[in-house]
Structure formats: structure tokens, C-alpha cells
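Colleague: Got a minute to go through the charged side chains with me? Put the model up and I'll start asking.

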Amino acid sequence: MFYVTKEFTFDAAHNLVSYHGKCEKLHGHTYKVHITMVGEPDGEGMVVDFLELKAIARSKAIDLLDHSYINEIIPQPTAENIARWIFERVVPELKRENCRVYEVTVWETPTSFAKYRVREI
């Protein structure tokens with residue numbers, strides 16, 4: 001199996017409604033996102049075309065979050081919930097015979113991140 005990852009960044013503001021501490025106040029981040037595909041190369045020798053992955057991820061998730069107030073999109077926008085939201089938005093568009101979305105990782109800061117993936121059955 002091959003794991004292929006595309007990296008994205010976006011800037012956005014949020015506050016954590018059900019949290020008591022510094023992050024309950026409105027603040028912003030430059031988020032970093034990794035979308036990782038898993039699979040085998042196709043007839044062209046690629047698991048996924050990076051240009052296609054980029055276009056789908058941007059149109060279905062990244063561009064919607066960029067320069068937004070994320071609370072208007074995701075009710076409790078923790079790194080965990082943002083990772084799941086992005087995963088759920090891109091999975092239907094990126095499922096192929098040879099590959100699928102493996103995981104989405106969202107960095108809220110350079111040292112703090114959350115990953116979301118569906119558990120294998």
C-alpha cells in the first residue's frame with residue numbers, strides 16, 4: 001500500500017463555545033491540513049493525481065474555511081471536529097477503485113494537531 005499526502009493551509013477565526021479557558025475567546029490560527037490517500041498506483045502509475053486531490057479538497061473544504069469564522073460552519077470548531085468535517089466533505093469525491101481517503105490531519109498550531117480516520121473493519 002502507498003500513502004500519498006497533500007498539504008494545505010488556511011487562515012480562520014474561531015472560539016470554543018463549550019470550553020473554559022483562553023480559547024473560549026475569539027482568536028485566529030493559520031491551520032495546516034494533510035489529506036492522506038491510501039491505495040495502489042493506477043495505470044498511470046499514481047495513487048491519486050495531486051492536481052485532482054488539490055482541486056477537490058479546496059472546493060469542498062479548504063476554500064470554505066479559509067478566512068472564515070469557523071463557528072458559522074462547524075458548531076464547536078476544535079481541531080478534532082475540523083478534521084472530521086474535512087474528512088466527511090472530501091471522502092465522497094475522492095473514492096476511487098484504486099484508492100480512498102485514509103486520514104485527515106489538522107494542525108491548529110505548529111505543535112498541536114488532531115487526526116481523523118475511519119476505523120478499519
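Colleague: Let's start with Asp-63: does it count as buried, partly exposed or exposed?
Modeller: Bear in mind that this is a predicted model. Asp-63 has a relative accessibility of 39%. Buried would need under 20% and exposed over 50%, so Asp-63 counts as partly exposed.

Colleague: Which side chain does Asp-63 meet in a salt bridge?
Modeller: The contact is 2.9 Å, N to O, and the cut-off is 4 Å. The partner is at 29% relative accessibility and counts as partly exposed. That partner is Arg-58.

Colleague: Moving on to Lys-115 and Glu-103, how many residues apart in sequence are the parts their salt bridge ties together?
Modeller: The closest N and O atoms of Lys-115 and Glu-103 are 3.1 Å apart. Lys-115 lies in strand S4 (residues 112–116), while Glu-103 lies in strand S3 (residues 99–109). So the pair ties together parts that are separated by 12 residues.

Colleague: And is Glu-103 buried or exposed?
Modeller: Its partner Lys-115 is at 48% relative accessibility and counts as partly exposed. Glu-103 is at 7%, and the limit for the lower class is under 20%, so Glu-103 counts as buried.

Colleague: Which residues do salt bridges that share partners join into one network?
Modeller: Arg-117, partly exposed at 41% relative accessible area, also forms a salt bridge with Glu-103, with the closest N and O atoms 2.4 Å apart. Arg-117 lies in the segment after S4 and Glu-103 in strand S3, so this pair ties together parts 14 residues apart in sequence. The network's members are Glu-103, Lys-115 and Arg-117.

Conventions. Residues numbered from 1 in each chain as written. Predicted model: local features only at pLDDT ≥ 70, side-chain atom pairs only at ≥ 80, totals over all residues. Heavy atoms only, no water. Buried < 20%, exposed > 50% of the residue type's maximum accessible area, 1.4 Å probe, protein only. Helix = DSSP H or I, 4+ residues; strand = E, 2+ residues; numbered from the N terminus.
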